[in-house]
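Biologist: I'm completely new to this one, and I'd like to start small. Pick one loop, look at it closely, and then work outwards from there.

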Amino acid sequence: MTAFDPFEDFGDIEEIGERLNDADAAVRRLAVIDLAETASADVLPHLLTAVADPDATVRLQLAIALSEFDAVEAAAGLARLVADQDLTVAQAAADSLAELKDPAAAESILPLVSHGRAFVRAAGFRGLKALRSRGALGPALAAMRDEDANVRAQALGVVAYLKLEETLPCLVAATRDADATVRSVAVNALSFTSQPAAAAAVTAALDDETWQVRAAAAESLGRIGQTSAVDGLTAGLSDEYWQVRQKCLNALGKLKAQSTVRQISELLTSDMASLRKESAAALGEIADPSSRDSLMAHIGDADPDVRKTVRWALTRLG
Amino acid sequence: MPLAFSPTTVPVVVDEAKCIADKGCTVCVDVCPLDVLRISDLTGKAHMKFDECWYCMPCEKDCPTGAVTVNIPYLLR
Amino acid sequence: MDNFVEGLSEVTCDVLVIGGGTAGPMAALKAKQKNPALNVVLLEKANVKRSGAICMGMDGLNNAVVPGYATPEQYTKEITIANDGIVDQAPVFKYASRCYDIIQELDRFGIRFQKNANGDFDLKKVHHLGTYVLPMPNGDTVKKALYRQIKRERILVSNRFMATRLLTASDGRIAGATAVNTRTAEFLVLRAKTVILCMGAAGRLGLPHSGYLFGTYENPTNSGDGYAMAYHAGAALANLECYQINPLIKDYNGPACAYVAGPFGAYTANSEGNRFIESDYWSGQMMQEFYNELQSGKGPVFLKLNHLHADTVGEIEEILHKVERPSRGRFHQARGTDYREKMIEMHISEIGFCSGHSASGVFVDEFARTTVPGLYAAGDMASVPHNYMLGAFTNGAVAGEHAAEVALETDLPDFDSEFVKAERKRVLAPTRREDGIPPNQLEYKTRRLVNDYLQPPKVTARMRIGQARLAEVRDDLETALVARNAHELMRSLEVSSILDCADMAAHASLFRTESRWGLYHNRVDYPKKDDDNWFCHTLLRKVDGRLVSEKRPIQPYIVPIENEERTAYDRLRVSNQA
Ligand SMILES: Cc1cc2nc3c(=O)[nH]c(=O)nc-3n(C[C@H](O)[C@H](O)[C@H](O)COP(=O)(O)OP(=O)(O)OC[C@H]3O[C@@H](n4cnc5c(N)ncnc54)[C@H](O)[C@@H]3O)c2cc1C
Ligand code: SF4
Ligand code: SF4
């Protein structure tokens, strides 16, 4: 009977590091995997030598592996790989960059945002977003004039995460960006402030040409909670997309927009159960006694979710 | 009570041309929660040894060379 | 690999965590952080890197109690009512108060939750009352991030070891566990001052409708070993008759994800495309409604998304087919089902034990302590109801911290070496036989009997026959089970747990002579809820080698529930229509 060691052991770092010099790319690639497996910062010097590996599959593995390390050195390695000629490598590096949490990584990432390739600039801003670094603000604001929509969207993300009143003009301008994704991010982001300018810009976005932006605007207005949005939201109740109508109902409920009870009640007769439900929910939020009759008329709605919501709303009316 | 051999079609397929188990890779074997993959002594490549799969896909996701394909087990398909 | 190796080792540690899925890694981390000098061991049947329910990731937190969206009081009330009042509130309240810290910690680990454009958590409203759902659009980072932390903290990890039994000292304290290597059959004795059980649900109890043994709702590595081990160690198990049964995509047997698709506007519908579920919370009541509709002329039941905009469906697919059960997309593709066009057929799962989704688990208090001193349990196998993933993390943390404290002031308990010898013999018995019945056949038969005799609607006479038939299978297990390699040995030991769980399911179900928790404990010959006699927990334990059940009063509520509130809630839940 033999005794054995039951615990995981990640091997000898030096020995694995040696394999990074093997002639066979597959062996080098497996060495990268094994080194990353240790999750020990000691392996970084070894790993980083692979940034210049001639084989793209090895660099790809490295781009994935570096996400295991929340260290400045890893950020530096990824910053190089994000500009890799091989797009798979670059994409993996961009994804890994976005995993970093250590604010110190910002220094290595910042130079990327003035790179010649739009992909790299976008990846840079994407990586900077969660780090919430003040230093990234200037470049991000400037990048709102970038010709590439994805770069603008990512840069706007950096601005939005910082939640600074001083960025309001930038965010407001972005609600009129040429790109729908950018506009969506902007209307979503403006809910952090109670400045009237924000509510006004988001309300204007209720007329956006893209329904997803209109829906995002309605949702955002619910969070902002300014009564100035009530008229716009009420108009939104006849949007051609039910998805937008639904969000407007929800927002009006949150705003407790008593003056709109009649318009909201009209949607209780919609042929879409989801709208009837949202309408009952809004009436419950507003809790105006004048909606009792319309709610009562739907206590026996064919849809159980609507019935439930109507019952809930009626209890709110008292 | 002698045991019989009953054939079964296994859901997980390994592309032997891509698999680098012969270079020392054991990633899919390591990650499988049901422990049903093995490296074949015969071919030096990974394969599904036991038909006991939750079609959860770590094997496919973590394989460095994209050699693994997880299909839905026949009885569920 | 897989050939038998005669090996025997003994290791000693302060805190032993068994099961490295969700609760386990968190328990180990917290124990180690509490006191880095402690020797913490994490034992796992598979590989911690990719094990347990969340091996591929998770779509979101189902029950996040985040300030501004819900309060611990409100959550505790809702869980109490969803469980027909059979709840000790202290652990639920503790979870609810603590879980926001844990979310923030997971966020720091690099597990990504849905955030709005400003980087704040973006919770979704799914239920009528509180807002609890926090999606994880990149939930595939969960396991990786956890494992990274485990390695950084230098926690000793033992992969591919299956725990078989717990060791107790002469004074009844926990003393450790035994385990066997799943690839070599080497035997391991682990001595410990405290032990935390995190071995997940008993997911291989019922047989899925497909007949495929491993096509279960739960990760099939969770074969109920934790329940069986706790039972044999004399710990009490609570409310096992409150089975887990889940709504699923038919045949695929994976979650239909009302929590994911719901916020986008999808819902569960009957064949006419109409909603039918009255119940607001995932509960036995809801499952009963689901079951009724399935059996009715309006059945079967479907997940309806085809009314949504194609872009929205695309967004949902992006989540559903990538993260939690990514093979779902492949399943639909093979059948040519497109969410945009057709509703997706749903069904109900096989039965199991799981407090993560219902309330059947090893009894624990608000410190995750079981009734055996020094033994803790967390996650799906511990009795805190409707725990889900965040409950596993949070209660794992609670268990880890408490177990670390206790380990500090405890000497290493003695253990019974005769017991270990006998256990080794029991474990290896199937390897000593030349021929016999292989584990897959024994397992199929056991689980087929579970479906035939123990699945609700529950009928007394039927369950009794089931008990007799299961006893016959047990004879075979003890005398004829054969394992030709270490892998088959693992499966053999799993069958033994499955059989133990089946016996417990039958016993607990027969004990509670009323119906409660909707479908979970629908006893046809006792169709009424009987609050006078059964407004209590049931505890099952091993006494002199036999199953014994008893009642346990519910601890006084700490968040009182006014009668009025209960009716207000009932009005939400229960139809007053015909
Ligand atoms: C398909 C699916 C989808 C879900 N979706 C969601 C969701 O979207 N949101 C949500 O909040 N919750 C969800 N849940 C629930 C959530 O995942 C679980 O509640 C939670 O992960 C349970 O954690 P656990 O630690 O108890 O179990 P697990 O994470 O399953 O871990 C148990 C571990 O114990 C190990 N083990 C078992 N037996 C032994 C043994 N004998 N020896 C050693 N180790 C052993 C297993 O290998 C496993 O690693 C879902 C569950 C499933 C199955
Ligand atoms: S992970 Fe891929 S390359 Fe490695 S052994 Fe498995 S199939 Fe082969
Ligand atoms: S799909 Fe899951 S269970 Fe099946 S072989 Fe791959 S990792 Fe193992």
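Modeller: Let's start at H386(C), in the loop between strand 15 (375–377) and helix 10 of chain C. This is a predicted model, so read what follows as the predictor's picture. H386(C) isn't a glycine, yet its phi is positive, at about 50°. Most residues other than glycine have a negative phi. H386(C) is also tucked away: its relative accessibility is 1%, so it counts as buried.

Helix 10 covers residues 388–408, and it is one of the elements that give two or more residues to the shell around ligand 1, along with strand 3 and strand 6 (161–168) of chain C. That takes us to the ligand. A polar backbone atom of Y388(C) is 3.5 Å from an oxygen atom of ligand 1. The side chain of S51(C) has an N or O atom 3.2 Å from a ligand oxygen, and for G21(C) a backbone N or O atom lies 3.4 Å from one. As for how enclosed the ligand is, ligand 1 taken alone exposes 1000 Å², and the protein buries 99% of that.

The surroundings of ligand 1 are a mixed crowd. The shell holds 35 residues, with T22(C), E44(C), G60(C), D225(C) and D380(C) the closest. Sorted by class, there are 16 nonpolar, 13 polar and six charged residues.

D225(C) is worth following, as it leads to K45(C). The two side chains make a polar contact at 2.9 Å. K45(C) lies in the loop between strand 2 (40–43) and strand 3 (60–61) of chain C. Its relative accessible area is 10%, under the 20% cut-off, and therefore this lysine is buried. Beyond its sequence neighbours, K45(C) touches a list of residues that includes R160(C), F161(C), M162(C), T182(C), M490(C) and E494(C).

There's another buried lysine to look at, K30(C), in helix 1 (residues 23–34) of chain C. Its relative accessible area is 9%, so it too counts as buried. Leaving out residues up to four places away in sequence, K30(C) touches E105(C), A397(C), G400(C) and E401(C).

While you're in that chain, have a look at A96(C) in helix 3 (residues 89–109). A96(C) is buried because its relative accessibility is 3%. Outside its own stretch of sequence, it touches V65(C), P72(C), Y75(C) and T76(C). Its C-alpha atom is 8.8 Å from that of V66(C), which sits 30 residues away along the chain.

Next stop, helix 9 (residues 327–335) of chain C, where S327(C), R328(C), G329(C), F331(C) and H332(C) are buried. Their cover includes strand 10 (247–249), helix 8 (310–320) and strand 13 (344–348) of chain C. Just after the helix, G336(C) takes a positive phi of about 70°.

Since we began with an unusual backbone angle, here are a few more backbone details. The bond from G299(C) to P300(C) is a cis peptide, with omega near -5°, and P300(C) is in the loop between helix 7 (284–295) and strand 12 (301–304) of chain C. P456(C) and P457(C) are joined by a cis peptide bond as well, with omega about -5°. P457(C) falls in the loop between helix 12 (439–454) and helix 13 (460–480). In general, most peptide bonds are trans. Over in chain A, A39(A) is a non-glycine residue with a positive phi of about 55°, in the loop between helix 2 (25–37) and helix 3 (44–49) of that chain. With a relative accessible area of 7%, A39(A) is buried.

Chain B brings in the other two ligands. Ligand 2 is surrounded by 14 residues, the closest being C19(B), I20(B), C25(B), C28(B) and C63(B); its shell has 13 nonpolar residues, one polar and no charged ones. Ligand 3 has 14 residues around it, with C32(B), C53(B), C56(B), M57(B) and C59(B) closest. Its shell is 14 nonpolar residues, with no polar and no charged ones.

Finally, confidence. Chain C has a mean pLDDT of 93, and 97% of its residues reach 70 or more. Over residues 573–578, though, the pLDDT is below 50, even if that stretch has 17 contacts in the model beyond near neighbours in sequence. For the whole complex, the predictor gives an ipTM of 0.97 and a pTM of 0.96.

Notes
Residues numbered from 1 in each chain as written. Chains lettered and ligands numbered in written order. Predicted model: local features only at pLDDT ≥ 70, side-chain atom pairs only at ≥ 80, totals over all residues. Heavy atoms only, no water. Near = heavy atom within 4 Å. Nonpolar A, V, L, I, M, F, W, Y, C, P; charged D, E, K, R; others polar. Helix = DSSP H or I, 4+ residues; strand = E, 2+ residues; numbered from the N terminus. Buried < 20%, exposed > 50% of the residue type's maximum accessible area, 1.4 Å probe, protein only. Polar contact = N/O pair within 3.5 Å; in protein donor to acceptor, adjacent residues only side chain to side chain. Contact = heavy atoms within 4.5 Å. pLDDT = per-residue confidence, 0-100. Areas by Shrake-Rupley, 256 points an atom, 1.4 Å probe, with all protein chains shown as cover.
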